[in-house]
Amino acid sequence: MRPSILVIGKAGQLAMSLQALGGKQVAAIGRPEFDLNHPENISEFLKCHNPDFVINAAAWTAVDLAETEQEGAQCGNYTGPAFLAQECALRHIPFIHVSTDYVFNGKKGKPYTEDDPVCPETVYGRTKAEGEKAVLSLHPQSMVLRTSWVYSAYGRNFVKTMIAAGAKNPILKVVSDQKGNPTSSDDLAQVILEIINQIHEKHWQEDYHGIFNACGRGDATWFELACVTLKEASLYGQKEPQIQPILTEDWPTPAKRPLDSRLDTTKLRKTFGLTFPLWQESVSKIVQKLFSH
Ligand SMILES: NC(=O)c1ccc[n+]([C@@H]2O[C@H](COP(=O)([O-])OP(=O)(O)OC[C@H]3O[C@@H](n4cnc5c(N)ncnc54)[C@H](OP(=O)(O)O)[C@@H]3O)[C@@H](O)[C@H]2O)c1
């Protein structure tokens, strides 16, 4: 029988993809019935669902707002997930927690591996780094998947923003000096479900405990991601705007983004034999999904 999974954060991009791909295998909870600011009632949900696995897809993801709303970010990214890990540990339920490339400052000059020390420069990055560390130290059957630049047909994300902006404006200016790995939440959900199947079949192995980079294959700048997105959108009749590259310093934001937060996914491939599709192929699928709605 397929393992049952409880997903935390039911309305987020990754949670939506997990529910769509996992079907009946997946139950999801989130606000208002479950809030990471008051995680104490997780025990009722664990009792009620009795899951084989828990995935935490909830987080404070408003990177700029975190700079001024530090307490919210702390609960969503650190203390809330730590509590979840502890409760899952008590019940011996393997726990998969999702983290971010923004735990790095982007100054390494080549893709980050799981062994690189974290060096966040934002409240979001710092609270996510604290969350990773707490989860791993509180639960021996926990795994942290670090992902990056997530987009999907759900919620708010860069790909959807570019399509909406491109429909209204003949010229778009997009940052071209930040590099990362665009990741479709559908691809990430697929990888997580495959990891869970493997753990279920082979039982928990010691080397599953730890951090795994899990992001789309190939890197891009936001400018390149915008170009590919809007080229794909033009296949569905949307007029292609002119896209102008700009520098980060010309697009100031409250939270400083890392300039190069590429992640090396060798460990994921070696441990689970899993690789992501090329990001351009996945963008094409998501744009198709958006235009077929
Ligand atoms: N988005 C990205 O580009 C990106 C990049 C790197 C890593 N990640 C990580 O990937 C994971 C999934 O991200 P995503 O893009 O799917 O996130 P998302 O679409 O922004 O969704 C986040 C979800 O978390 C929920 N949430 C926030 N605060 C909460 C709280 N206090 N209690 C309960 N739920 C709360 C939100 O609930 P509401 O619906 O009620 O607001 C929302 O459903 C996160 O761990 C994130 O840090 C994301």
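Helix axes are lines fitted to C-alpha atoms over the stretch in contact, and angles run from 0 to 180 degrees between N-to-C directions. The model described here is predicted: local features need pLDDT of at least 70, side-chain atom pairs count only at pLDDT 80 or more, and totals for chains, interfaces and linings use all residues. Residues are numbered from 1 along each chain as its sequence is written, and side-chain values use heavy atoms, with hydrogens and water left out.

Helix H2 (residues 42-49) and helix H3 (residues 70-90) have axes that come within 10 Å and cross at roughly 40 degrees; helices (H or I, at least four residues) and strands (E, at least two) are DSSP runs, numbered from the N terminus. H2 and H3 are therefore oblique to each other, given that angles under 35 degrees count as roughly parallel, over 145 as roughly antiparallel, 65 to 115 as roughly perpendicular and the rest as oblique. The crossing of H2 past H3 is right-handed, a term for the near helix being turned clockwise from the far one by less than a right angle. Contact, meaning heavy atoms within 4.5 Å, joins Ile42, Ser43 and Leu46 of H2 to Phe83, Leu84 and Glu87 of H3. By class, four nonpolar, one polar and one charged residues take part in the contact of H2 with H3; Ala, Val, Leu, Ile, Met, Phe, Trp, Tyr, Cys and Pro count as nonpolar, Asp, Glu, Lys and Arg as charged, and the others, Gly among them, as polar.

H3 also packs against helix H4 (residues 123-138), with axes that come within 8 Å and cross at roughly 10 degrees. That angle makes H3 roughly parallel to H4. Among the residues in this contact are Ala73, Asn77 and Ala85 of H3, and Tyr124, Lys128 and Gly131 of H4. The contact of H3 with H4 divides into 11 nonpolar, six polar and three charged residues.

A further helix pair is formed by H7 (residues 222-234) and H9 (residues 279-291), whose axes are 9 Å apart at an angle of about 45 degrees. H7 and H9 are therefore oblique to each other, and H7 passes H9 in a right-handed crossing. Leu225 and Val228 of H7 are among the contact residues, as are Trp279 and Val283 of H9.

The loops around H2 hold two backbone features. Pro32, in the loop between strand S2 (26-29) and H2, follows a cis peptide bond from Arg31, with omega near 5 degrees. In the loop between H2 and strand S3 (53-56) lies Asn50, a residue other than glycine with a positive phi, near 45 degrees.

Turning to the ligand, 24 residues surround it, of which Leu14, Leu36, Thr61, Tyr124 and Lys128 come nearest; a residue is near a molecule if one of its heavy atoms lies within 4 Å of it. An oxygen atom of the ligand is 2.9 Å from an N or O atom in the side chain of Arg31. Polar backbone atoms of Gly12 and Ala59 lie 3.0 Å and 3.2 Å, respectively, from a ligand oxygen atom.

Arg257 is placed in the loop between strand S12 (242-246) and helix H8 (266-272). Its C-alpha is 9.7 Å from that of Asp64, although the two residues are 193 apart in sequence. The side chains of Arg257 and Asp64 make a polar contact at 2.6 Å; such a contact is a pair of N or O atoms within 3.5 Å, and within protein one must be able to donate a hydrogen and the other to accept it, while residues adjacent in sequence count only if both atoms are side-chain atoms. A polar contact at 3.4 Å links the side chain of Arg257 to that of Thr253.
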